[in-house]
Amino acid sequence: MAKGRMPMGMGGNMNNMIKQAQKMQQEMLKMQEEMEQSSYEATAGGGAVTVKMSGKKELLEIKISPDVVDADDIEMLEDLILVAVNDALKKVDEVSQSQMSRLTGGMNIPGLF
């Protein structure tokens, strides 16, 4: 076989693979843009604390019910905020992984997520 040449038939398969990879890359970019424009909300304490987070994992908003504010129990409020923020982060990750899995056909490709 000549140096630098592929056997007959291999070139077409390689071109198809490249086209598929380019298509997947475009779909990934589109998905990423959609994720970044989305927002996710989570609550703790039966709605006492609500947080809103962007798909970029930026905290956009925190709402705290006046009923949960107790100067003698700041630790409870801190815990509720942590739970709500961590839950919102988890939602962003779950949606991202779900969309990526849909895009890759369920294959776990290292470095994609």
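Helices (H or I, at least four residues) and strands (E, at least two) are taken as DSSP runs and numbered from the N terminus. On this basis the secondary structure of the protein comprises 2 helices and 3 strands, and the order of elements from the N terminus is α-β-β-β-α. The model is predicted: local features need pLDDT of at least 70, side-chain atom pairs count only at pLDDT 80 or more, and totals for chains, interfaces and linings use all residues. Residues are numbered from 1 along each chain as its sequence is written, and side-chain values use heavy atoms, with hydrogens and water left out.

Burial was assessed by relative accessible area, where buried means under 20%, exposed over 50%, and partly exposed in between (1.4 Å probe, protein chains only). The protein has 113 residues, of which 20% count as buried. The exposed surface of the protein amounts to about 8400 Å², with 51% of it supplied by carbon and sulfur atoms; accessible areas come from the Shrake-Rupley method with a 1.4 Å probe, and for residues only the protein chains shown count as cover. Contacts were defined as heavy atoms within 4.5 Å. Among those between residues at least 6 apart in sequence, 44% join residues at least 24 apart.

Strand pairing requires that DSSP find at least two bridges between two strands. Strand β1 (residues 39-44) and β2 run antiparallel and are joined by 6 bridges. A44 has V49 in β2 as its bridge partner. The two strands β1 and β2 form a hairpin with 4 residues between them, and in this turn G45 has a positive phi of about 65 degrees.

On pairing with β3, β2 is again antiparallel, here over 5 bridges. V49 stands opposite I64 in β3, in addition to being the bridge partner of A44. Of the 6 residues of β2, 5 are buried, and the strand is mostly covered. In a regular strand, side chains alternate between the two faces of the sheet.

A hairpin with 4 intervening residues is also formed by β2 and β3. K57 lies in this loop, between β2 (49-54) and β3 (59-64). Although K57 is not a glycine, its phi is positive, at about 65 degrees. The relative accessibility of K57 is 41%, and the residue therefore counts as partly exposed.
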